[in-house]
Amino acid sequence: MNRTTLSLIAVATALAAVTGFATLTAPDSTGAAVAQAPARLPVERTSQLCPAPSMSDIAETTYTSFTPAGTSGAGTSGSAELSESIVTLAGTAGNTKDTQKDKKDDGSDGKKTDSAQNKQTKAFLALKEPGKPVSAEASGAEAPALVGSADGRFAPGWTTQQTTTVSVGGARGLLGMTCAGPDTDFWFPGASTEASRQDYVHLTNPDDSAAVADIEVYGKDGVLKSEVGEGIPVPGRSSVPVLLSTLTSETAPDATVHVTTRTGRVGAVVRVADEKAGSDWLAASGDPASRVVLPGIPADATDVRLVAFAPGEDDADLKVQLAGADGTITPAGTETLHVKSRMTASVDLADVTKGEAGSLVLSPVQSGRATPVVAALRVVRGKGADQEIAFIPATAPIASRATVADNRAKGSMLSLTAPGAAAKVKVTSSAGTGGGEPAVKTYTVKAGTTLAFAPPAPNGLKGSYAVTVEPEAGGGPVYAARTLALPADGVPMFTVQTLPDDRGMVSVPKAREDLSILGD
């Protein structure tokens with residue numbers, strides 16, 4: 001085999017490691033090029049980032065990490081470990097807006113202490129073996145942001161859940177998020193710069209070298225003016241919280257935030273605190289698409305608000321539908337939504353679920369005019385002083401497998417949505433962090449419906465457990481979300497996490513057994 005052929009295979013394999021897909025062609029016996037079907041192999045390495053959970057001294061945070069067992073070809077070695085990262089305020093990281101201050105979630109002004117800002121990274125949470133979740137707890141404002149990676153048998157499907165409870169104060173609530181990997185482009189419809197909200201964009205850098213990020217905020221009339229949203233430095237292995245209202249003097253009750261990086265890569269997520277309705281994390285919407293699904297609206301939601309944004313040059317006209325327990329309906333009075341190009345659109349859906357869990361499905365009014373959009377839902381449970389909010393971003397279907405950690409013996413609810421054809425789905429509940437045996441059950445999701453249920457309980461459960469969802473071949477696309485409800489003092493505290501595919505497998509070029517035809 002000549003050197004050129006070897007280089008071609010190496011380049012294609014490297015491409016697959018970065019993008020998850022690559023193809024390789026070779027001539028057949030007649031000299032015609034024949035595409036080689038790519039092989040599906042487990043990822044060898046993956047990264048995760050968890051932002052600083054809270055600035056409240058009374059916050060209680062649990063971190064839970066898990067890798068599904070039984071991934072074929074993953075090998076027998078490897079590790080998965082998360083370490084503390086440094087938290088740096090945007091002003092101290094070089095932002096020209098040096099008046100920006102963080103505000104403690106219990107209502108008092110303050111900043112992280114010097115000891116927190118200069119804390120050295122150290123091991124915080126490490127998996128011992130696939131199939132068995134591990135957890136760690138931290139209290140108060142010193143609960144750390146985390147960065148880490150997994151390789152070998154721990155990499156495919158690795159996930160970490162961060163769950164924080166703040167019992168009192170202006171940001172009381174249950175805040176949950178799935179720690180995500182780094183990227184260079186994020187969309188957050190559902191943010192706000194109004195006075196009753198404090199929305200912080202948390203930027204976390206997993207690498208040793210600094211990253212530089214830009215933040216744009218779009219309201220109903222387009223981009224909001226800002227002189228300090230560009231060139232925000234994020235030091236290596238550090239997390240930087242940026243208060244949205246310090247980036248612009250304009251007020252936008254419903255806004256879309258766009259985070260990009262000029263250099264490097266970051267993890268990005270928005271921490272929302274509403275003085276009337278509690279707090280939670282707003283995760284990034286899935287990639288812009290002409291048809292999007294927002295799964296897992298609780299049955300007892302008292303108010304649901306849809307926020308959508310069209311990042312391209314064309315307007316979008318969307319059909320709004322709700323996939324419930326018995327089928328798909330169109331909410332009365334909200335049949336369509338017009339989204340102007342690069343302007344945030346929103347609509348109040350009120351108590352759209354009417355006592356049945358459901359999922360929102362957005363699709364083009366005219367199939368020939370498919371405009372990509374991003375979207376999210378602001379969901380409220382409870383009324384008056386006992387309200388609590390959560391957010392559901394649009395998410396991608398589960399291609400192969402998805403997992404969510406930190407499920408409790410009481411309070412976990414899984415929602416599966418099949419907006420197209422019916423689907424069968426295998427659901428596996430892992431052993432607990434303190435012991436127990438896995439439980440497995442298969443569910444059928446009827447076409448155009450949402451199936452909501454408590455996951456099968458692990459036998460002899462001690463602690464919390466992970467839930468893994470695997471659609472069977474031959475069915476329609478499946479979207480999933482998990483609701484964790486931990487009510488306290490009459491407040492229906494809850495949080496919702498969507499379950500996109502874990503991307504534990506990648507397509508790698510399959511070399512021919514006999515490559516002699518490619519040359520000597």
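This report describes the fold, one pocket, an aromatic cluster and some loop residues of a predicted model.

Residues are numbered from 1 along each chain as its sequence is written, and side-chain values use heavy atoms, with hydrogens and water left out. Because the model is predicted, local features need pLDDT of at least 70 and side-chain atom pairs count only at pLDDT 80 or more, while totals for chains, interfaces and linings use all residues.

**Overall chain**

The chain has 2 helices and 40 strands. Helices (H or I, at least four residues) and strands (E, at least two) are DSSP runs, numbered from the N terminus. Of the 520 residues in the chain, 53% are buried. Here buried means under 20% relative accessible area, exposed over 50%, and partly exposed in between, with a 1.4 Å probe and protein chains only. The chain exposes about 21400 Å², and carbon and sulfur atoms supply 49% of this area. Accessible areas come from the Shrake-Rupley method with a 1.4 Å probe; for residues, only the protein chains shown count as cover. A contact means heavy atoms within 4.5 Å. Among contacts between residues at least 6 apart in sequence, 82% join residues at least 24 apart.

**The second largest pocket**

A pocket is an open set of points on a 1 Å grid over the protein atoms alone, with protein on both sides within 12 Å along at least five of seven lines; a cavity is a set where a 1.4 Å probe fits but cannot get out, and lining residues have an atom within 4 Å of a point. Grid points are joined across faces, edges and corners, and a volume is the space filled by probe spheres set on the points.

The second largest pocket has a volume of about 270 Å³. Its lining holds 17 residues, and E194, S196, R197, D274 and R378 lie nearest its centre. The elements giving two or more residues to this lining are β12 (185-191) and β22 (301-309). Strand β22 gives the most, with 3 residues. By type, the lining divides into 4 nonpolar, 4 polar and 9 charged residues. Ala, Val, Leu, Ile, Met, Phe, Trp, Tyr, Cys and Pro count as nonpolar, Asp, Glu, Lys and Arg as charged, and the others, Gly among them, as polar.

**Aromatic pairs**

Rings of Phe, Tyr and Trp (its six-membered ring) pair if their centres lie within 6.5 Å; planes under 30 degrees apart count as stacked, over 60 as edge-to-face and the rest as tilted. The count comes to 6 aromatic pairs. Y218 and F309 form a tilted pair, at 4.9 Å centre to centre and with 50 degrees between the planes. Y218 lies in strand β14 (residues 211-219) and F309 in strand β22, so the pair ties together parts that are 91 residues apart in sequence. Ring pairs also link W187 with Y218 and F309 into a cluster. Y218 is buried at 3% relative accessibility, and F309 is buried with a relative accessible area of 0%.

**Loop residues**

Two residues that are not glycine have a positive phi: R342 and K354.

| Residue | Phi | Loop | Relative accessibility |
|---|---|---|---|
| R342 | about 55 degrees | between β25 (336-339) and β26 (345-350) | 30%, partly exposed |
| K354 | about 50 degrees | between β26 and β27 (358-364) | 62%, exposed |

P487 is found in the loop between β38 (479-485) and β39 (494-498). At 63% relative accessibility, P487 counts as exposed. Leaving aside neighbours within four places in sequence, P487 is in contact with P492 and M493. P487 and G411 are 76 residues apart in sequence and 8.7 Å apart in space, C-alpha to C-alpha.
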